[in-house]
Amino acid sequence: MKLEQGQIAFVSGAGSGIGRALVLALTARGIRVAASDIRMEAAEETVAMAGPHAQAFCVDVSDPASMEAVADAVERDMGPLDLVFNNAGVAMHGKPIHELSLEEWDWVIGVNLYGVIHGIRAFVPRLLSREGATHIVNTGSVAGFQVNPDFLTGAYSATKSAVVALSEALELENRGSRMGVSVLAPAAVNTELHLSERARPERMGGAFVRSENHFLGPLIEIGTSPDAIAAQVLEAVEANRFYIMTHPETRGWLQRRFNRILNAYPEAAE
Ligand SMILES: NC(=O)c1ccc[n+]([C@@H]2O[C@H](COP(=O)([O-])OP(=O)(O)OC[C@H]3O[C@@H](n4cnc5c(N)ncnc54)[C@H](O)[C@@H]3O)[C@@H](O)[C@H]2O)c1
């Protein structure tokens, strides 16, 4: 869809990293943005950087009532949405999956998977009801296509694989509609993902320290800038591209995984 001044967008996880960069890129194009985050002060900081086209909203994407409430509030305050970015997510790295507590599973599934499910339920009917073109982008990860062999990303990858599948379903189910769908699948991006724990919802125990994630800090610090990712996302929306693969070096990772699967067919072994 063509991005135009005056369109209205919703971004979750807008208080930091990729979400913040999306808000800045969208507002720079004259698009009005609902910048939402569970950390309201961080969303407000983004809005202060973005200027008058942005407005801050508080949301916990893992809570369906909170998502419905923010969808209502955004449309009441700003008008009907043209663009939705289900972007909020948390890390859950550094521990073998059999050692993760149920609380850790609930949190990572709650935000990364249910967050997208709640976003789809709250926003897709609204996007489909519009007369003009609309677009939804779900932030997955290259971890949605490949389990990183070094960083114990099992639970995170499980949620991101599900985000890829949900996005593929959303695209298939709405072919022929005016709503475009994309899934964003980056590798390392220079954000504050290693500090996800500061955003754990109160009803799941609130902010805490999860040092297992902290090794990610130096690894993503040398990653792509969030601004470059946001630029690629907006370009993909305009070109109506479904898969947004931002890191060329990950092609080989996926190739190896797909080859292994294809080689598992009996006829391949003959
Ligand atoms: N940084 C990377 O290397 C990388 C790579 C691939 C995918 N991603 C994905 O990109 C997305 C954005 O992450 P980021 O890297 O910008 O991290 P970030 O931690 O810098 O930003 C994420 C934002 O989401 C917010 N958030 C967390 N839980 C929330 C909740 N329950 N409700 C609402 N907001 C919540 C946080 O407060 C934070 O402001 C995530 O889905 C992440 O999994 C990141």
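A residue is counted as near a molecule when its C-beta atom, placed from the backbone, lies within 6 Å of it. In this predicted model, 33 residues surround the ligand, and those that come nearest are Gly13, Gly17, Gly89, Thr191 and Ala199. Sorted by class, the shell around the ligand is made up of 15 nonpolar, 14 polar and 4 charged residues. Helix α1, which spans residues 17–28, supplies the largest share of this shell, with 3 residues.

Strands of a sheet pair through backbone hydrogen bonds, in either a parallel or an antiparallel manner. Here the pairing is parallel, and 7 strands are arranged as an open sheet in the order β3-β2-β1-β4-β5-β6-β7. The edges are occupied by β3 (54–58) and β7 (243–245); each has a single partner strand, so one side of each is left without a neighbour in the sheet. From one strand to the next, the twist averages 20 degrees.

At the β7 edge, strand β6 (residues 179–185) is joined to β7 by 3 bridges, and the two strands run parallel. Within this part of the sheet, Leu184 stands opposite Ile244 in β7.

Helices also pack on the sheet. Helix α2, formed by residues 40–50, touches β2 (32–37) and β3, and its direction makes about 175 degrees with that of β3. Helix α5, formed by residues 154–173, lies across β5 (134–139) and β6, and runs at about 160 degrees to β6.

Notes: Residues numbered from 1 in each chain as written. Predicted model: local features only at pLDDT ≥ 70, side-chain atom pairs only at ≥ 80, totals over all residues. Helix = DSSP H or I, 4+ residues; strand = E, 2+ residues; numbered from the N terminus. Nonpolar A, V, L, I, M, F, W, Y, C, P; charged D, E, K, R; others polar. Pairing = 2+ DSSP bridges. Axes fitted to C-alpha atoms, helices over the stretch in contact; angles between N-to-C directions. Contact = placed C-beta atoms within 7 Å.
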